[in-house]
Each structure stands twice: as C-alpha cells, then as structure tokens.
Amino acid sequence: MCTSFAVYGQQKTIYGMNFDTEDIDLKLKLYRYDDKNIFYLSGLMNNQYRDVAGFNSEGIFLWSQAVDYGPDFQSTCDANDWFAFDIFDEALKKTKKASEFFEILNKRVISYPRNPLFPHLGLHTMIADKTGDAFILEEGTDTNIISRIHNNFIVMTNFPNGKFQEADYKEVHGIGADRYICTYEYIDNHIHNFGVNEAFEVLSKTSQENTLCTIVYEPLKNEIYLSFKKDHSKKWKISVVEKTIESLDGFLSGNKIHFTNGELFVNDLMALYH
C-alpha cells in the first residue's frame, strides 16, 4: 500500500510518493518524446516491467496505487472503456496541464486491471500539474469518479477518496486512513514552507515495512529526488532536463550518470557504490 500527495505552497510546488510493495527489481526510465522529457518508475511484476509512476518536463505527475473499493464494488468495465495505462502514457506524452487529460479521455470511462481473486481491490490515480490543478481518478458505476484538490494540497492512500469528498479529513476510514490523516495534518501545518525536506519527513512518517522507493519531485525545477528501502540518508537527484542522475547525501556526491540508453536499473545504480 502506498501514500502520495501534491502540495502547492507559497514558495514551492512539491509532489511526493512512497511505493510500498514486495522487494521487486526497479527501473528508472528517462527519455525524450517530441518536445518533452518523460520519466517513469517501473517495477518488475509477473516477469515484465510495469510503469507505476510518471512525470513529464512540463510538470505533469501521474501515479497509480492500490485502493480497496469495498466488498460491494462491482466493476462495470466493457469493451468501449479505455485501459488506464494506455491513456496515462498518452497523457504524459501530450499534456501540459491536468485539465487536458479530460480532452484525451473524451468522455470515455477508464478501466483498471483486476485480480479476480480480490474483486474489491483496484487502483486509483493522482494527476497533478505545476499550476495548482490536481485530482484523483477512480472507478465508478459506468463513470469515472473525480476528487479535486482543495486547500492547496491533495493526499491519496488506499481508500476511495470519492467516498469522502464532503467529509472532514478526520472522518475518513478504510485502508491507509491513518496515513492519510498523518499526511494531511503534517502538510497543513507546514504548507507555508513545505519543500523537499518536509516531503521526505512526512513520507518517512508514513512509510511501511515494505516501502521500496520514495520519490519527491519539484516540478518548477524539474528535479526528482529518490531514496530506496526507507534509507533517506542516501538520496539521488535526477535532472529531468539534463537526463542525468547523481548521488547526494550518504554517497560520493557530484558524480553524474547520464541516461544514455534511456533507462537505468536501480540494482546496477546501487552496485556502483558498494
């Protein structure tokens, strides 16, 4: 289970996420598409790498994580629905604002992959841009449920945000409610000076035993910060514009590595410093 947020403070715009999963191999992809650079975090699942989070150099953030829709949920997907990850890939390639996502969707209902053994478990997605527009996209009955940002930030864990759009943040319940409340209160208390350090702090507070990767993105600078396996003493910084990654805290700093082939395996990256 995972935690993510987008924060629009007085000084900075910050996106953050914890990727909580089993210990799988990770890959970082950064490549050019037309006039944009696109970054993906991918994980090895069922013998193939699947993209789980993406950013583009225009400041679009797209991130999907698990959600428990509840035992009464019935997916109503049909052949006319648009498979989520196809449209997400297109959105990163073509959009500069979160609102443009709806032009691509064009009133079609999206569908997420499902496990028939766990029919109430699915995915939901946060989409944000650097201008302050952000929303969470979830499955509904023959429709998409949209939960929009308020109070200059938005938080997503593992319960359906759409069920609590009119509720006070303390009234949410379900999987990840404790992490949601913790994240909400920390951001609300630090909104005026919220930056990269504060993002790592709240992601540390909400990390799980199986947190595999932590990502913080500052879109106005096009810089991504990463740490792995809850070790925030060792961070990496990616320049989306330069298509480079360098080690920061805890490593030999200043040694930039280029995404020469458009991708880097995290295991290979870590091996450089062993």
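# Exercises on a predicted model

**Exercise 1.** Classify Cys182, whose relative accessibility is 27%, as buried, partly exposed or exposed; then classify Cys213 and state how many disulfides are counted.

*Solution.*
Step 1. The model is predicted.
Step 2. A residue is buried under 20% relative accessible area and exposed over 50%, with partly exposed in between.
Step 3. Because its relative accessibility is 27%, Cys182 counts as partly exposed.
Step 4. Cys213 has a relative accessibility of 1%, and therefore counts as buried.
Step 5. A disulfide requires two cysteine sulfur atoms within 2.5 Å. By this rule, the number of disulfides is zero.

**Exercise 2.** Describe the protein chain as a whole: which elements does it contain, and what percentage of its residues is buried?

*Solution.*
Step 1. The chain contains five helices and 18 strands.
Step 2. Of its 274 residues, 53% are buried.
Step 3. Among contacts with a separation of 6 or more, 55% involve residues 24 or more positions apart.
Step 4. The exposed area of the chain is about 12800 Å², and 45% of it is supplied by carbon and sulfur atoms.

**Exercise 3.** Locate Asn222 and Lys243, and state what is notable about the phi of each.

*Solution.*
Step 1. Asn222 belongs to the loop between strand 13 (211-218) and strand 14 (223-228).
Step 2. Although Asn222 is not a glycine, its phi is positive, at about 55°.
Step 3. Asn222 counts as buried because its relative accessibility is 10%.
Step 4. Lys243 is found in the loop between strand 15 (236-239) and strand 16 (244-247).
Step 5. Lys243, also a residue other than glycine, has a positive phi near 60°.
Step 6. Because its relative accessible area is 26%, Lys243 is partly exposed.

**Exercise 4.** Analyse the aromatic pair of Phe153 and Tyr184: is it stacked, tilted or edge-to-face?

*Solution.*
Step 1. The count of aromatic pairs is 14. In one of them, the ring centres of Phe153 and Tyr184 lie 4.8 Å apart, with 65° between the planes.
Step 2. Planes over 60 degrees apart count as edge-to-face, so the pair of Phe153 and Tyr184 is edge-to-face.
Step 3. Phe153 is in strand 12 (residues 153-156) and Tyr184 in helix 3 (residues 177-190); the two are 31 residues apart, and their pair links distant parts of the chain.
Step 4. Phe153 is buried because its relative accessible area is 3%, and Tyr184 is buried because its relative accessibility is 9%.
Step 5. Both rings belong to a cluster linked by ring pairs, together with Phe159, Phe164, Tyr169 and Tyr180.

**Exercise 5.** Which rings have Lys93 and Lys235 over their faces?

*Solution.*
Step 1. Lys93 lies over the face of Tyr33, 4.9 Å from the ring centre.
Step 2. Lys235 lies over the face of Phe200, 4.8 Å from the ring centre.

Key
Residues are numbered from 1 along each chain as its sequence is written. This is a predicted model: local features need pLDDT of at least 70, side-chain atom pairs count only at pLDDT 80 or more; totals for chains, interfaces and linings use all residues. Side-chain values use heavy atoms; hydrogens and water are left out. Buried means under 20% relative accessible area, exposed over 50%, partly exposed in between (1.4 Å probe, protein chains only). Helices (H or I, at least four residues) and strands (E, at least two) are DSSP runs, numbered from the N terminus. Contact means heavy atoms within 4.5 Å. Accessible areas come from the Shrake-Rupley method with a 1.4 Å probe; for residues, only the protein chains shown count as cover. Rings of Phe, Tyr and Trp (its six-membered ring) pair if their centres lie within 6.5 Å; planes under 30 degrees apart count as stacked, over 60 as edge-to-face and the rest as tilted. A charge sits over a ring if NZ of Lys or CZ of Arg is within 6 Å of the ring centre and within 35 degrees of the ring normal.
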